[in-house]
Amino acid sequence: MASNNLLRDPDPLKPSYLPETLVDRENTVSQLSEFDPSSGRNLLLHGPRGTGKTTFAHHFLQFDDTTTCYISCDQFTTQYQVLKQVYQILTHEEIGTGHHTSDLQRKIEERTGQRPVVLILDEVDFLLLNDGGSLLYYLSRIENRENLSLILISSNHSSLKEQVEERTYSSLQTNRIPFEPYDGETVYQLLKNRAEKALRPQSLHREALGYIASTTQNASQALHWLRVAAENTEQRITEEDVASLKDQAYREYVDHLLQPFTEHHRLVYQAIEELDEENKVDTVNTGAVYQRYQDLCQAYEEESLSNRRISDYLKQLELLNLINVKYYYGGQNGKTREINLIPF
DNA sequence: CATCCACCGGAAATGTTGGGAC
DNA sequence: GTCCCAACATTTCCGGTGGATG
């Protein structure tokens with residue numbers, strides 16, 4: 001890693017950074033500022049990755065006398081794990097596994113009700129792959145419902161209608177708030193704000209930011225890119241610097257997305273990457289990916305997982321918006337999936 | 001119109017880990 | 001310690017899919 005004289009403070013370029021001011025989203029801001037955490041109402045923030053859903057949720061949902069539980073469901077993927085996190089946040093007590101889910105529910109109900117709780121379930125799609133439906137049903141009917149508000153965040157679904165049972169959908173009554181992709185001008189502004197905080201003065205050419213802003217609408221990708229550029233440039237960051245670091249920036253963005261997942265998720269992704277590179281024309285389907293994945297496992301002396309399991313992992317890569325998947329339920333090639341990398 | 005492709009995806013089975021009661 | 005009961009990751013099993021092909 002190059003020595004660094006451009007970076008003054010790396011934090012503003014990190015994914016977890018919460019800016020004091022947010023780039024223009026007036027409609028969203030007004031809808032969120034009307035949100036009352038003691039109303040028992042629920043929100044669904046939906047839109048593509050890198051549109052600021054998580055940041056907005058954190059920024060606007062700090063209330064006095066209200067406990068906020070933020071849980072990212074790419075790490076906590078089952079009802080039990082989410083409830084466990086909620087319990088730990090509410091009570092600061094550790095709790096193990098091995099209890100009944102209903103025990104955990106009862107313990108939590110004893111703790112809620114005194115004051116409002118806002119529960120943010122980010123990446124809720126991953127929860128819904130498992131028993132998230134049961135969790136949402138339970139939460140929608142919990143005692144003292146008016147003291148619990150849910151903020152669900154999804155990058156893949158603009159409504160829960162198809163994702164949960166009818167009875168859950170109707171009792172949740174979510175207010176849906178869309179996040180449209182940023183336009184180039186806004187991405188530019190956002191990068192500029194962060195760069196001013198993170199970098200020393202005179203660290204970059206404006207064309208460098210312009211290049212990033214015209215290439216991606218995904219703010220998360222853009223910020224990873226800017227950070228990589230700052231870390232790997234000695235003098236002023238130029239448009240050429242940025243352009244030549246494009247692949248590495250995307251690599252680090254992918255690593256960041258895959259970080260909560262297993263080594264096998266990364267191997268499956270690598271398998272798709274390799275096949276994608278070798279096969280510019282031919283389509284890649286599930287069997288080829290599994291075959292290549294097994295080869296990689298052998299190369300790294302890892303025990304490979306079953307194809308049934310990898311089928312689920314592919315679904316998760318799809319939810320991370322790393323791959324495009326077209327499903328064939330029979331036909332010329334039988335029942336399979338056609339898989340493509342999503343290009344930067 | 002029967003057969004085949006090649007895997008989908010639900011469900012049951014298996015194995016591991018941890019908890020509480022005795 | 002022993003026993004039983006959870007949660008959870010993973011494997012095993014298998015019925016099913018629908019256009020292409022002959």
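Is N144 buried, partly exposed or exposed? With a relative accessible area of 37%, N144 is partly exposed (buried means under 20% relative accessible area, exposed over 50%, and partly exposed in between, with a 1.4 Å probe and protein chains only).

## Basis of the model

This is a predicted model, in which local features need pLDDT of at least 70 and side-chain atom pairs count only at pLDDT 80 or more, while totals for chains, interfaces and linings use all residues. Residues are numbered from 1 along each chain as its sequence is written, chains are lettered from A and ligands numbered from 1 in the order in which they are written, and side-chain values use heavy atoms, with hydrogens and water left out.

## Domains and nonpolar core

Chain A is assigned domain 1 (26-178), domain 2 (182-256) and domain 3 (261-341); the bounds come from an automatic or database domain assignment. The centres of domain 2 and domain 3, taken over C-alpha atoms, are 30 Å apart.

The largest nonpolar core has 42 residues, and L45, I151, L191, L199, L226 and I237 touch the most other members. Such a core is a set of buried Ala, Val, Leu, Ile, Met, Phe, Trp, Tyr and Cys residues joined through side-chain atoms within 4.5 Å. Two or more residues of this core come from each of β1 (42-46), α2 (53-60), β3 (117-122), β4 (148-154), α8 (184-198), α9 (206-215) and α10 (219-231). Helices (H or I, at least four residues) and strands (E, at least two) are DSSP runs, numbered from the N terminus. α10 gives the largest share of this core, 8 residues. The core lies between domain 1 (26-178) and domain 2 (182-256), because both give residues to it. Apart from neighbours within four places in sequence, I237 is in contact (heavy atoms within 4.5 Å) with L6, L199, S203, L204, H205, A208, A229, A230 and V242.

## Surface near DNA strand C

DNA strand C is surrounded by 19 residues, of which T78, T101, S306, G331 and K335 are the closest. A residue is near a molecule or strand if one of its heavy atoms lies within 4 Å of it. Of the strand C atoms within 4 Å of the protein, 76% belong to sugar or phosphate and the rest to bases. By class, this surface has 4 nonpolar, 12 polar and 3 charged residues. Here Ala, Val, Leu, Ile, Met, Phe, Trp, Tyr, Cys and Pro count as nonpolar, Asp, Glu, Lys and Arg as charged, and the others, Gly among them, as polar.

Phosphate oxygens of DNA strand C lie 2.4 Å from a side-chain N or O atom of T101, 2.8 Å from a backbone N or O atom of S306 and 3.5 Å from a backbone N or O atom of Q81. α3 (79-91) and α15 (307-319) are the elements that give two or more residues to the surface near strand C. The largest share, 3 residues, comes from α15.

## Surface near DNA strand B

Around DNA strand B there are 15 residues, and T97, G287, Y329, K335 and R337 come nearest. Sugar and phosphate make up 65% of the strand B atoms that come within 4 Å of the protein. The surface near strand B has 2 nonpolar, 10 polar and 3 charged residues. At least two residues of this surface are supplied by each of α14 (286-299), α15, β7 (323-329) and β8 (335-341), with the largest share, 3 residues, from β8.

Base oxygens of DNA strand B lie 3.0 Å from an N or O atom in the side chain of R308 and 3.2 Å from a backbone N or O atom of G331. A polar backbone atom of N333 is 3.3 Å from a sugar or linking oxygen of strand B.

## Residue T336 in β8

T336 lies in strand β8 and counts as buried, at 15% relative accessibility. Its side chain makes a polar contact with the side chain of T286 (3.5 Å). A polar contact is a pair of N or O atoms within 3.5 Å; within protein, one must be able to donate a hydrogen and the other to accept it, and residues adjacent in sequence count only if both atoms are side-chain atoms. Leaving aside neighbours within four places in sequence, T336 is in contact with N285, T286, K326, Y327 and Y328.

## Positive phi in two loops

N144 is in the loop between α6 (132-140) and β4. Phi of N144 is near 50°, a positive value in a residue other than glycine.

Q202 is in the loop between α8 and α9. Phi of Q202 is near 60°, also positive in a residue other than glycine. Q202 counts as exposed, at 62% relative accessibility.
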